[in-house]
Amino acid sequence: MTSFDHPPKILFLYGSLRERSYSRLLAEEAAQIVEGLGAEVRFFNPCELPIYGSVPYTHPKVQQLRELSIWSEGQVWSSPEMHGNITGIMKNQIDWIPLSLGAVRPTQGKTLAIMQVSGGSQSFNAVNTLRILGRWMRMFTIPNQSSVAKAYQEFNEDGRMKDSPYRDRVIDVMGELYKFTLLLSDQVDYLTDRHSERKEKAVQETIKVANSALELNANRSL
């Protein structure tokens, strides 16, 4: 079906710094599931990531996040819902991943699965925001999603998720992410090829050639 010759590379981001973070526990549960399907997984720990814009992008934590984003072929974003939306911790990570780095687009064409945890009744505010952000980052956000209500009731003391319809949904989401990542792997370049970007690239190439010519003429006049 595809010519994928390596395990899909999946990056997990979560939106809480608490010692017992349910968004992290949900991400860890999902990671074990997708890893069992054959994926390679990595996590970014948002602890000590500076507020966006407060430090240069050369900061080690920022560079780590950007390198992981480039490494990944799919991502999973897991956020608590706080005051009816995603947390600042979650948004700060996404803000530090730029839409473009020169000719490299760190998220364009990658698959994305979105998940949230809530302390109260089930809600979809956080996943709705994550879906908007995924589209803005030019990612292929899968149709399925996970929203775990009263998350404090859904995990055992060892951090593993209890068997429940919520966990069944997480299994479905990870299976879908895995399949979409495989299916899109051969088509990413074709699907993300845009007229506006080809035009921009042509302009950049013209400027590059012109600058090279000017530099050559300047050297000859020395």
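The following questions and answers introduce the nonpolar cores and two loop residues of this predicted model.

Residues are numbered from 1 along each chain as its sequence is written. In this predicted model, local features need pLDDT of at least 70, side-chain atom pairs count only at pLDDT 80 or more, and totals for chains, interfaces and linings use all residues, while side-chain values use heavy atoms and leave out hydrogens and water.

User: Which helix gives the most residues to the largest nonpolar core?
Analyst: A nonpolar core is a set of buried Ala, Val, Leu, Ile, Met, Phe, Trp, Tyr and Cys residues joined through side-chain atoms within 4.5 Å; buried means under 20% relative accessible area, exposed over 50%, and partly exposed in between (1.4 Å probe, protein chains only). The largest has 25 residues, and Phe12, Leu26, Val76 and Met174 have the most contacts inside it. Strand S1 (9-14), helix H1 (22-37), strand S4 (111-117) and H5 each supply at least two of its residues. The greatest contribution, seven residues, comes from H1.

User: How many residues does the second, separate core have?
Analyst: This core is separate, and its members include Trp77, Ile97, Ala126 and Met139. Its residue count is 22.

User: Is glutamate 48 buried or exposed?
Analyst: Glutamate 48 sits in the loop between strand S2 (40-43) and helix H2 (60-71); helices (H or I, at least four residues) and strands (E, at least two) are DSSP runs, numbered from the N terminus. Its phi is near 75 degrees, a positive value in a residue other than glycine. Because its relative accessible area is 66%, glutamate 48 is classed as exposed.

User: What is the relative accessible area of lysine 150?
Analyst: Lysine 150 lies in the loop between strand S6 (146-148) and helix H5 (165-184). The residue is partly exposed, with a relative accessible area of 37%.
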